[in-house]
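Thanks for sharing this one with me. Below are my notes, as numbered points, to read alongside the structure.

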Amino acid sequence: MSDAKHTSLLEERALRLVEAAMKAGADAADAVAVTGTSLSVSVREGKVEDTDRSEGEDFTLRAFIGKQVASISTNSFDDIEEMAQRAVAMAKVTPEDPYAGLGEQDKLLKEIPSLDLLDERAVSSKELKELALKAEDAALSVEGVSKSGGAGASWGRSGMVLATSHGFVGEYSRSRSGYSVTAIAGEGTCMEREYDFDSRTYWDELMLPEEVGKNAGERAVRSQNPRQIETCKAPIIYEPRAARSILGHFAGAINGAGIARGTSFLKEYMGKKVFAEGIKISDDPFKPRGGATMPFDAEGIGADYLELISDGVLNHWLLDSAAARELGLETNGRARRAGSGTSPGSTNLTLHGGQVSFANLLKDMGRGLLVTSLIGHGANGITGDYSRGASGFWIEDGEVAYPVSEITIAGNMKDMFLNITPANDLDDRYAVATPSLLIEGLTIAGS
């Protein structure tokens, strides 16, 4: 079946689910139909370890009885009347949620834009195998690499249809391809493992596998014989791969659901300076071929481009309709499906680059820590307290002196945000994009 015919069938089924819910006594309803096809290949030491292909469809129906709501999901489409009746019956015995409901009708997207998210090229298992093997070979060719930790490549397409009882029907499809490779340097208890990866919407935009493999190998070799350092306070540079987590913590802190519950350390900071002067953070649902680009959110609302931070000042929360109602605001189209309801989330989130090169950022820092990997999830969204295990490199006189590991970085995110200096090496390949970040005033716990 062609993609167009499949999408048309999904639309028909989503609409039938909504109609069945209304006939069963719902006051309002919406249905999401999701389809996906994926193919992946993993290799190790020149041999295929695993090839996996999956195809599937999932349907989720939400039924509203006043302010009561229930949700049912299924991967079959056998008896929609029974499914609808169960959803309505469940809603009738569910406690009321004063903020539950469909998205506001006047905010529904009227015309679905084309966002170039679907690469029509179908990728074969042979192509994935060749890509993974090339990446692994490149990693193994790096002097000092002792063995492969494996490599993998994947390709997939997915489609999503949303239909609501108040008149919205929309769909979009997207593709995603990517691969990763892990390299090991050293022997026995002195082995160090590192990786690199790439992921894109269009297959032809992927980095060369030789480049990714070489990066993984060189990272592993550089990480050999790490030392511990004594506990100290020092400036820290997060390379982009690690810095994305800082931006993720910020997104969590401005989630409207957390703001409404009073569980965010930024709950009193709207319109106030949160980051250093000059810092700009945006959220763009229309980023060309972006990892989280979408024409509408999980309620059928058209999301706007948001400049969340302008010159360090906080301008917006991330809002779905429920959080917006609770806060007395209007949704900005950031709804994501979460169980029987929705929850706010970001789209393509970017901390924009600064004026300083990475090399000059190192020189300006002089002495401190370059973080390449983080461990654990020690970021408290209520208090802002931050404590993460880390590894990377100690910097002396603006240059790498030696690798370090088994250290912990501690501070508070309020202070961290205010003391960020971004480099100009923005890595915008992924849904969360950031350059290298210099942060002053953190404690490094070592030996």
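1. Where is the place of Asp385? In this predicted model, Asp385 belongs to strand S15, which covers residues 385-396. Asp385 counts as partly exposed because its relative accessibility is 42%. You could pair this residue with Ala445: the two are 60 residues apart in sequence, and their C-alpha atoms are 15 Å apart in space.

2. Beyond the end of S15, have a look at Asp397, in the loop between S15 and strand S16 (399-412). Asp397 is not a glycine, yet its phi is positive, at about 55 degrees. With a relative accessibility of 71%, Asp397 counts as exposed.

3. Asp311 also deserves a glance on your backbone plot. Its phi is near 50 degrees, a positive value in a residue other than glycine. Asp311 sits in the loop between S9 and strand S10 (313-314), and a relative accessible area of 45% makes Asp311 partly exposed.

4. Now to the charges. Side chains of opposite charge can pair when their charged atoms come close. How many salt bridges does a search of the whole structure find? The count is 24, and the next points take up some of the pairs.

5. One of these pairs is Arg337 with Asp30, where the closest N and O atoms are 2.8 Å apart. This salt bridge links distant parts of the chain: Arg337 is in strand S11 (residues 335-338) and Asp30 in strand S1 (residues 28-44), 307 residues apart. Are the partners buried or exposed? Asp30 counts as buried, at 1% relative accessibility, whereas Arg337 counts as partly exposed, at 27%. The cut-off for buried is under 20% relative accessible area, so Asp30 qualifies at 1% and Arg337 does not at 27%.

6. A salt bridge also joins the side chains of Glu104 and Arg325, with an N to O distance of 3.2 Å. Glu104 is in the loop between H2 and H3, and Arg325 is in helix H7 (residues 321-327), so this pair ties together parts that are 221 residues apart in sequence. Both partners are partly exposed: Glu104 has a relative accessible area of 38%, and Arg325 has one of 24%.

7. In the salt bridge between Arg289 and Glu205, the closest N and O atoms are 2.4 Å apart. Arg289 lies in the loop between strand S8 (281-283) and strand S9 (306-310), while Glu205 lies in the loop between strand S6 (192-200) and helix H4 (209-222); the pair therefore ties together parts that are 84 residues apart in sequence. Arg289 is partly exposed, with a relative accessible area of 28%, and Glu205 is partly exposed as well, with 34%.

8. Which residues are linked in a network of salt bridges? They are Asp198, Arg200, Arg244, Asp427 and Arg429. Arg244 leads on to the next point, as this residue is among the buried residues of H5.

9. Helix H5 spans residues 240-253, which makes 14 residues. From its first C-alpha to its last, H5 reaches 20 Å, close to the 20 Å expected at 1.5 Å a residue. Why can H5 be called largely enclosed by the rest of the structure? Eleven of its 14 residues are buried, and that is why the description fits. Besides Arg244, the buried residues of H5 include Pro240, Arg241, Ile246, Leu247, His249 and Phe250, together with alanines such as Ala242, Ala243, Ala251 and Ala253.

10. Lys126 makes a contrast with those buried positions. This lysine is found in helix H3 (residues 125-140) and counts as exposed, because its relative accessibility is 58%. Lys126 and Val41 are 85 residues apart in sequence, with their C-alpha atoms 8.8 Å apart in space.

11. Finally, if you plan to look at surface charge, Asp78, Asp79, Glu81 and Glu82 form a negative surface patch. Within this patch, Asp79 lies in the loop between strand S3 (68-74) and helix H2 (80-92). Asp79 is partly exposed, with a relative accessible area of 38%. Patches take residues with over 30% relative accessible area, so Asp79 clears that cut-off at 38%.

Notes: Residues are numbered from 1 along each chain as its sequence is written. This is a predicted model: local features need pLDDT of at least 70, side-chain atom pairs count only at pLDDT 80 or more; totals for chains, interfaces and linings use all residues. Side-chain values use heavy atoms; hydrogens and water are left out. Patches are made of residues with over 30% relative accessible area and no salt bridge: like charges are joined within 9 Å, nonpolar side chains (Val, Leu, Ile, Met, Phe, Trp, Tyr) within 5 Å. Accessible areas come from the Shrake-Rupley method with a 1.4 Å probe; for residues, only the protein chains shown count as cover. A salt bridge is a side-chain nitrogen of Lys or Arg within 4 Å of a carboxyl oxygen of Asp or Glu. Lys and Arg count as positive and Asp and Glu as negative; His and the chain ends are not counted. The place of a charge is taken as NZ of Lys, CZ of Arg, CG of Asp or CD of Glu. Helices (H or I, at least four residues) and strands (E, at least two) are DSSP runs, numbered from the N terminus. Buried means under 20% relative accessible area, exposed over 50%, partly exposed in between (1.4 Å probe, protein chains only). The expected span of a helix is 1.5 Å times one less than its number of residues.
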